[in-house]
Amino acid sequence: MTEENTEDQKYMRKVRSFVLRAGRMTEGQQKAMDEVWPRMGLTLEHGLLDLNDVFGREAPVVLEIGFGMGDSLIEMAKNQPEKNYIGIEVHRPGVGRLLSNADKEGLDNIRVFCEDAIEVLAQSIPDGSLDCIQLFFPDPWHKKRHHKRRIVQPELAESLRKKLKVGGVFHMATDWENYAEHMMEVMSAAPGYKNVAGEGAFSPQPQWRPVTKFQRRGEKLGHGVWDLMFERTQ
């Protein structure tokens with residue numbers, strides 16, 4: 001392992017991408033974990049993945065960090081069968097729900113980790129292998145004293161850049177204006193990226209990004225929604 005990779009591992013181990021929420025599994029969710037997980041589930045024990053082998057085909061790969069209950073990820077995978085999707089979520093009921101729905105829809109272009117995304121990226125995802133990384137409505141940590149806990153930080157931007165192909169896109173969305181401004185500041189300063197919408201500009205919501213429950217909730221509260229799309233250039 002090179003010294004640079006060792007530093008990446010150290011950073012990724014000390015930062016957690018989530019706050020673990022309590023939640024009881026429904027019978028259907030547990031059944032999906034028992035029956036569908038062996039086919040669609042991935043773990044850190046698999047080591048560095050060959051993504052063509054994982055999906056049994058060569059296709060663009062989209063990775064989503066923190067898919068919640070998975071409804072929008074299911075919709076994207078269903079509507080874009082030409083792409084392969086990897087979802088990462090630590091909330092087991094959400095993983096169970098996604099697996100159950102993927103099985104009901106007959107989808108075979110989704111694979112799932114129930115792990116910390118930081119560890120998955122460090123241990124399982126090859127450099128230069130992803131066409132898109134999605135981070136939709138992460139915890140905004142809206143109190144100023146908690147801003148340091150926000151997942152979008154310079155170190156993460158660099159770690160994700162290495163996992164993207166040149167031309168691949170890091171796509172973020174939030175319904176907190178202050179966090180949108182924070183994301184823009186971090187990503188505009190991050191080396192090796194360019195803003196797809198132009199310097200300092202937010203992107204319109206793409207038609208293929210479903211409206212999530214977090215977005216609907218935010219809109220009901222009078223929040224706007226901001227999308228940011230940054231392409232790896234080098």
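Reader: In β5, which residue is the bridge partner of valine 62?

Author: This is a predicted model. Strand β2, residues 61-65, pairs with β5 in the parallel sense over 3 bridges. Within β5, the residue bridged to valine 62 is cysteine 132.

Reader: Which residue in β3 stands opposite valine 62?

Author: β2 also pairs with strand β3, which covers residues 84-88, in the parallel sense over 5 bridges. The residue of β3 opposite valine 62 is tyrosine 85.

Reader: Through which helix does the chain cross from β2 to β3, and what is the handedness of the crossover?

Author: β2 and β3 run parallel. The chain passes between β2 and β3 in a β-α-β crossover, and the helix on that path spans residues 71-79. That helix is α5, and the crossover is right-handed.

Reader: Which residues of β2 point the other way from Val61, Leu63 and Ile65?

Author: In a regular strand, side chains alternate between the two faces of the sheet. In β2, Val61, Leu63 and Ile65 point one way, and all five residues named for the strand are buried. This agrees with the count for β2, where 5 of its 5 residues are buried. The residues pointing the other way are Val62 and Glu64.

Reader: Which residue in β5 stands opposite glutamate 64?

Author: Glutamate 64 belongs to β2 and is buried. β5 is mostly covered too, with 6 of its 7 residues buried. Opposite glutamate 64 in β5 stands glutamine 134.

Reader: In β6, what is the bridge partner of leucine 135?

Author: β5 and β6 run parallel and are joined by 6 bridges. For leucine 135, the bridge partner in β6 is methionine 172.

Reader: What is the order of the strands in the open sheet, and which stand at the edges?

Author: The open sheet has 8 strands with mixed pairing, in the order β1-β4-β3-β2-β5-β6-β8-β7. Each edge strand has a single partner, so one side of each is left without a neighbour in the sheet. The edge strands are β1 (41-42) and β7 (193-195).

Reader: At about what angle to β8 does helix α9 run?

Author: Helix α9 is made of residues 177-189. It lies across β6, β7 and β8, the last of these being residues 226-232. Its angle to β8 is about 10°.

Reader: How many salt bridges does a search of the whole structure find?

Author: Side chains of opposite charge can pair when their charged atoms come close. One such pair is arginine 39 with aspartate 103, whose closest N and O atoms are 2.8 Å apart. The search of the whole structure gives a total of 8 salt bridges.

Reader: How many residues apart in sequence are the parts tied together by arginine 39 and aspartate 103?

Author: Arginine 39 is partly exposed at 42% relative accessible area, and aspartate 103 is partly exposed at 40%. The salt bridge between them spans 2.8 Å from N to O. Arginine 39 lies in helix α3 (residues 37-40) and aspartate 103 in helix α6 (residues 92-105), so their pairing ties together parts whose separation in sequence is 64 residues.

Reader: Is lysine 163 buried or exposed?

Author: Lysine 163 forms a salt bridge with aspartate 127 at 2.8 Å, N to O. Lysine 163 is in helix α8 (residues 154-163) and aspartate 127 in the loop between α7 and β5, so the pair ties together parts 36 residues apart in sequence. Aspartate 127, at 48% relative accessibility, is partly exposed. Because buried means under 20%, lysine 163 with its 8% counts as buried.

Reader: Which lysine forms a salt bridge with aspartate 131?

Author: Aspartate 131 lies in strand β5 and its partner in strand β6, so the pair ties together parts 34 residues apart in sequence. Aspartate 131 is partly exposed at 25% relative accessible area. The closest N and O atoms of the pair are 3.2 Å apart, and the partner is lysine 165.

Reader: Over which residues does pLDDT stay under 50?

Author: The protein chain averages a pLDDT of 90, and 89% of the residues score at least 70. Where pLDDT is low, the predicted coordinates should not be read in detail. The stretch with pLDDT under 50 is residues 1-20.

Note on methods
Residues numbered from 1 in each chain as written. Predicted model: local features only at pLDDT ≥ 70, side-chain atom pairs only at ≥ 80, totals over all residues. Heavy atoms only, no water. pLDDT = per-residue confidence, 0-100. Contact = heavy atoms within 4.5 Å. Salt bridge = Lys/Arg side-chain N within 4 Å of Asp/Glu carboxyl O. Helix = DSSP H or I, 4+ residues; strand = E, 2+ residues; numbered from the N terminus. Buried < 20%, exposed > 50% of the residue type's maximum accessible area, 1.4 Å probe, protein only. Pairing = 2+ DSSP bridges. Axes fitted to C-alpha atoms, helices over the stretch in contact; angles between N-to-C directions. Right-handed = clockwise from strand over helix to strand, strands pointing away.
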